[in-house]
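Work through the following exercises with the sequence and the model open side by side. Try each task before reading its solution.

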Amino acid sequence: MPRSVPPPAWVITRRRAIGDRIRAARLAADLTQEQVALRIPMDRATYNRIEQGHAAALVDSLILIADVIGVPLSDLVREEDPPAPGSP
């Protein structure tokens, strides 16, 4: 079911950071968006929206992306400076 309220700005910021890490790992693996999307399988437009942080990825999709790119899932979703407990 679609979300009726957009996520808070800090969630969008974190989503974009994950997309940036996916992009960096993909480029380091010398893969195109099309190559990754075909191997998942996922359409390239959806994959692009995940990399851009415009779409929330399912955990299953992140697992598949990490596997295709050849990096641990934790490398894609880690936080450089985790937020303090109780903070957004």
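**Exercise 1: A charged cluster**

Asp 20 and Arg 23 are about one helical turn apart, because three residues separate them in helix 1; helices, like strands, are DSSP runs numbered from the N terminus (H or I, at least four residues, for helices; E, at least two, for strands). The model is a predicted one, in which local features need pLDDT of at least 70 and side-chain atom pairs count only at pLDDT 80 or more, while totals for chains, interfaces and linings use all residues. Residues are numbered from 1 along each chain as its sequence is written, and side-chain values use heavy atoms, with hydrogens and water left out.

Task: Starting from the pair Asp 20 and Arg 23, trace which residues are joined into one network by salt bridges that share partners.

Solution. Begin with the rule, by which a salt bridge is a side-chain nitrogen of Lys or Arg within 4 Å of a carboxyl oxygen of Asp or Glu; the count by this rule comes to four salt bridges. The side chains of Asp 20 and Arg 23 meet the rule, at 3.0 Å from N to O. Next, Arg 23 also forms a salt bridge with Glu 51, where the closest N and O atoms are 3.5 Å apart. This second pair links distant parts of the chain, since Arg 23 belongs to helix 1 and Glu 51 to helix 3, 28 residues apart. Through shared partners, the salt bridges join Asp 20, Arg 23, Arg 26 and Glu 51 into one network.

Then consider accessibility, for which buried means under 20% relative accessible area, exposed over 50%, and partly exposed in between (1.4 Å probe, protein chains only). Asp 20 is partly exposed because its relative accessibility is 42%, and Arg 23 is partly exposed at 22%, whereas Glu 51 is buried, with a relative accessible area of 0%.

**Exercise 2: Two packed helices**

Task: Describe how helix 1 packs with helix 3, and state what kinds of residues make up their contact.

Solution. Two packed helices are described by the angle between their axes and the distance between the axes. Here the axes are lines fitted to C-alpha atoms, for helices over the stretch in contact, with angles running from 0 to 180 degrees between N-to-C directions. Helix 1 (residues 9–28) and helix 3 (residues 44–52) pack at about 115°, and their axes are 6 Å apart. With contact taken as heavy atoms within 4.5 Å, the helix 1 side consists of Arg 16, Gly 19, Asp 20, Ile 22, Arg 23 and Arg 26, which meet Tyr 47, Ile 50, Glu 51 and Gln 52 in helix 3. The residues of this contact divide into three nonpolar, two polar and five charged; Ala, Val, Leu, Ile, Met, Phe, Trp, Tyr, Cys and Pro count as nonpolar, Asp, Glu, Lys and Arg as charged, and the others, Gly among them, as polar.

**Exercise 3: A buried arginine and a buried isoleucine**

Task: Find the surroundings of Arg 15 and of Ile 65.

Solution. Arg 15 is in helix 1, and this residue is buried yet has no salt bridge, the nearest side chain of opposite charge being Asp 20, 12 Å away; for this purpose Lys and Arg count as positive and Asp and Glu as negative, and His and the chain ends are not counted. A polar atom of the Arg 15 side chain lies 3.4 Å from the backbone oxygen of Gly 53. Not counting residues up to four places away in sequence, Arg 15 touches Pro 7, Gly 53, His 54, Ala 55 and Ala 56.

Turning to the isoleucine, Ile 65 sits in helix 4 (residues 59–69) and is buried, with a relative accessible area of 0%. Leaving aside neighbours within four places in sequence, its contacts are Ile 22, Ile 40, Tyr 47, Ile 50 and Leu 76.

**Exercise 4: Two loops**

Task: Which peptide bond is cis, and which residue other than glycine has a positive phi near 60°?

Solution. The bond from Ile 40 to Pro 41 is cis, with omega near -10°, and Pro 41 lies in the loop between helix 2 (33–39) and helix 3. The positive phi belongs to Asp 30, which is found in the loop between helix 1 and helix 2 and counts as exposed at 67% relative accessibility.

Terms used
A polar contact is a pair of N or O atoms within 3.5 Å; within protein, one must be able to donate a hydrogen and the other to accept it, and residues adjacent in sequence count only if both atoms are side-chain atoms.
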